[in-house]
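Student: I would like a close look at one part of this protein. Please take a single strand and walk me through its surroundings.

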Amino acid sequence: MRAPLTPPARNRIRRGLQTIGLALGLLSGVSAAEAQQQPTGVAPPQGEQFFLRIPDGWKEVVRTRQQGADIVAYVPQEQNATQWTDMLSIQVFQGMTALPAQSFYERYSTSYRKSCETVRISQMQTGVSNGYPSAFWIMACGNQAQAGTGETSFFRLVQGNKALYVAQRTWRTARFDAQKTSPITGPASDVAIETLKNFGLCDPSMADRPCPKGQ
């Protein structure tokens, strides 16, 4: 049995899970048949399922429900739920099927600007993945007011028929000027994009929305 998280731990996790970030290419068109990975994550609704490959050596540190969302989060083996610089999280909003991706993006952007001193937010890019509408964006926070650190997050949203699903890759770094640059470039951003590229939905009951092998 996992020990319950203390209020300070929950607050730090919430801050990490609510960050968002800047600008990059569209992540769409990846079919479930192309994703040959082991499934993991929050228990999905019946029929509709999500899949995501967790990076090797990462461990689960959070599994909870907050503000209407089922949340699971992972960090590298040497990090933990409160002391982390790298986090991958999945949020599942059960029943939230009518909210457009643009509205979700705008709500997050508004919240993000309130908690950051300098912000850079990319345009949301949209597409279709395995038959489901999807979106991608990045948000960079040069100085997160409460944590006193810089944070950058890459987001992938997929709109399902049963829920709204969001995968988020976040880095905590030293503070930086978000209007000029971001410390997350090159290999780090490439790996994050590849990870989120393989986040998607499938439904074994629908021939045109196949699940990866082993799902």
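Tutor: What follows goes through one strand, its partners and the aromatic rings around them. The model is a predicted one.

Take strand β7, residues 132–141. Is it buried or exposed? Mostly covered: 9 of its 10 residues are buried.

Now the partners. Strand β5, residues 119–121, runs antiparallel to β7, and 3 bridges join the two. Here Val119 stands opposite Cys141 of β7. Strand β6, residues 125–129, also pairs with β7 in the antiparallel sense, over 5 bridges. In that pairing, Val128 stands opposite Pro133 in β7. β6 and β7 form a hairpin with 2 residues between the strands. Look at Asn130 there: its phi is positive, near 55°.

Strand β8, residues 150–159, is another antiparallel partner, joined to β7 by 8 bridges. Find Trp137 in β7; Phe155 in β8 stands opposite.

That brings us to the rings. The whole structure holds 10 aromatic pairs. One of them is Tyr108 with Phe155: the ring centres lie 5.8 Å apart and the planes meet at 80°, so this pair is edge-to-face. The cut-off for that label is over 60 degrees. The pair links distant parts of the chain, with Tyr108 in helix α2 (residues 101–115) and Phe155 in strand β8, 47 residues apart. Both rings belong to buried residues. Tyr108 has a relative accessible area of 13%, so it counts as buried, the limit being under 20%. Phe155 is buried too, at 0%.

β8 supplies another ring pair. Phe154 and Trp171 have ring centres 5.1 Å apart and planes at 70°, so they are edge-to-face. Phe154 sits in strand β8 and Trp171 in strand β9 (residues 163–173), so the pair ties together parts 17 residues apart in sequence. Phe154 and Trp171 are both buried.

Step back to the Trp137 and Phe155 position. Which residues do ring pairs link into a cluster? They are Phe93, Phe104, Tyr105, Tyr108, Trp137 and Phe155. So the residue of β7 that stands opposite Phe155 shares a cluster with Phe155 and with Tyr108.

Finish at Tyr132. Arg209 lies over the face of its ring, at 4.3 Å from the ring centre.

To recap, β7 is mostly covered. It runs antiparallel to β5, to β6 and to β8. Trp137 and Phe155 both belong to the ring cluster.

Terms used. Residues numbered from 1 in each chain as written. Predicted model: local features only at pLDDT ≥ 70, side-chain atom pairs only at ≥ 80, totals over all residues. Heavy atoms only, no water. Buried < 20%, exposed > 50% of the residue type's maximum accessible area, 1.4 Å probe, protein only. Helix = DSSP H or I, 4+ residues; strand = E, 2+ residues; numbered from the N terminus. Pairing = 2+ DSSP bridges. Phe/Tyr/Trp six-rings, centres within 6.5 Å; stacked < 30°, edge-to-face > 60°. Lys NZ or Arg CZ within 6 Å of the ring centre and 35° of its normal.
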